[in-house]
Amino acid sequence: MASIALNLKTFVGLRQASPENNPITALAKPSSTTTAARKQLRINAAKTSPKVTGRNLRVAVVGGGPAGGSAAETLAKGGIETFLIERKLDNCKPCGGAIPLCMVGEFDLPLDIIDRRVTKMKMISPSNVAVDIGQTLKPHEYIGMVRREVLDAFLRDRAATAGATLINGLFLKMEMPSSKTAPYRLHYTDYNAKTGVSGGKKTLEVDAVIGADGANSRIAKSINAGDYEYAIAFQERVKIPDEKMKYYEDLAEMYVGDDVSPDFYGWVFPKCDHVAVGTGTVSHKPDIKKFQLATRLRARDKIAGGKIIRVEAHPIPEHPRPRRLLDRAALVGDAAGYVTKCSGEGIYFAAKSGRMCAEAIVEGSENGKRMVEEGDLRKYLEKWDKTYWPTYKVLDVLQKLFYRSNPAREAFVEMCADEYVQKMTFDSYLYKKVAPGNPIEDLKLAVNTIGSLVRANALRREMDKLSV
């Protein structure tokens, strides 16, 4: 995987960029002059930034999901006067809800908010060949399954405990600052108990803004961050009989095939007392309900007798936005476009980006004592790109290779039966690090991958002949 990442062309989002304009390339191969200039900037930024007098630095976080909650907590603990604006405090985003093991420890999550500890997965091919995954997991390893309304509320409450002010409000628009030290003016509708159902119009002035307001981010629009391709995720929560729920006690299912999605996968993930059944697509959004029906049909024997208790739909970004930072306003999580291809994972990366961005503000402001500037927040982007860009690019390649046709998906499922593939995949997923490979096993994997793809292409050609 690491070798693939190193050989990939440089991109911003999915748009190829020239080396001189690409922040990743520039970071990877700095000239001596650039390196010296960057060090100069980092040494002098806090010294040249004016001190904030009579108060601490004031930052607004717009959006109360994992990105916003993590950012607000880090800011508040770092001495920043923090405001977290979120309208949907009972938000139930249509999300599979899978989190890696490392997130539990890294974000100090209590075990009682984790509904299920998945240690077994079934990958099911277009022809319904099922491959069992999870045999390489150690006894203490698992994939956590959470409900977003539970996780998000926990992170927001912890931010409030750390000192952040939670505002139950609908963010409307942002006025840009008139100078390097002038405030941002945020307009929102406040829905606290005193203003009633209709809410009251209010304005908040802050020194910096973190946009954690999802795929339809209004902060992104305010800084002209640009558009991106997005998928539609559709999910139904299904209450199934207790005897059938036992089957999903520690097991999740993933279905691939043109019937469930032409460019993604369908899933059945276990929750506390029900299962989440869903799918997504980028290329065929109007057909999302048809794909959802197909996912239910593929799993029908295992969810028979179930009752749909909730229906959810939401856009999910397919690649990072062209711009993620302008002056003292930065984007994190879905607002920035941090959802991986192939797996569609976003929770961990949302929380991590929120924390990284907040840490950059805390450091640049000397714990809220000085004004921050774009150079301080850019450190967050540089660190993020250096750490996670290879992961995004590898998964992008895998999706293009194996999700393009049913024969390719059959090859993908066939590969998943290999223990070495499972070990490398789980190690990378659970700990968010590119797992070091065994050269001999890597060579075998390369040969097997080529063989699977050759068989897939041969099968596709035969299928094309039959369809003529």
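**Figure 1. N224 in the loop between α7 (218-222) and β14.** The structure shown here and in the following views is a predicted model. The view is centred on N224, a residue of the loop that joins α7 to β14. N224 adopts a positive phi of about 50 degrees, although it is not a glycine. Most residues other than glycine have a negative phi. With 60% relative accessibility, N224 is classed as exposed, because the threshold for that class is over 50%.

**Figure 2. N128 in the loop between β7 and β8.** A positive phi is also assigned to N128, here about 70 degrees, and N128 is likewise not a glycine. The residue belongs to the loop between β7 and β8. Its relative accessibility is 47%, so N128 counts as partly exposed.

**Figure 3. S125 and its contacts remote in sequence.** S125 is located in the loop between β7 (120-124) and β8 (130-133). At 0% relative accessibility S125 is buried, because that class covers values under 20%. When residues up to four places away in sequence are not counted, S125 touches V256, R298, E410 and V413. A further pair to inspect in this view is S125 and A408: these residues are 283 residues apart along the chain, and their C-alpha atoms are separated by 9.9 Å.

**Figure 4. The second largest cavity and the strands that line it.** The model contains 3 cavities of 30 Å³ or more. The one shown is the second largest, which holds about 60 Å³ of space. At least two lining residues are supplied by each of β14 (230-239), β16 (261-270) and β17 (275-281). Among these elements, β14 gives the largest share of the lining, with 3 residues.

**Figure 5. Residue composition of the lining of the second largest cavity.** The lining is made up of A231, I232, A233, F264, W267, T279, G280, I316, E318, V339, T340 and G344. By class, 7 of the lining residues are nonpolar, 4 are polar and 1 is charged. The charged class includes Glu, so the charged residue of this lining is E318. Glycine is counted among the polar residues, and G280 and G344 therefore fall in that class together with T279 and T340. The nonpolar part of the lining includes the aromatic side chains of F264 and W267.

Technical notes:
Residues numbered from 1 in each chain as written. Predicted model: local features only at pLDDT ≥ 70, side-chain atom pairs only at ≥ 80, totals over all residues. Heavy atoms only, no water. 1 Å grid on protein atoms, 1.4 Å probe; cavity = no way out; pocket = protein on both sides within 12 Å on 5 of 7 lines; lining within 4 Å. Points joined across faces, edges and corners; volume = space filled by probe spheres on them. Helix = DSSP H or I, 4+ residues; strand = E, 2+ residues; numbered from the N terminus. Buried < 20%, exposed > 50% of the residue type's maximum accessible area, 1.4 Å probe, protein only. Contact = heavy atoms within 4.5 Å.
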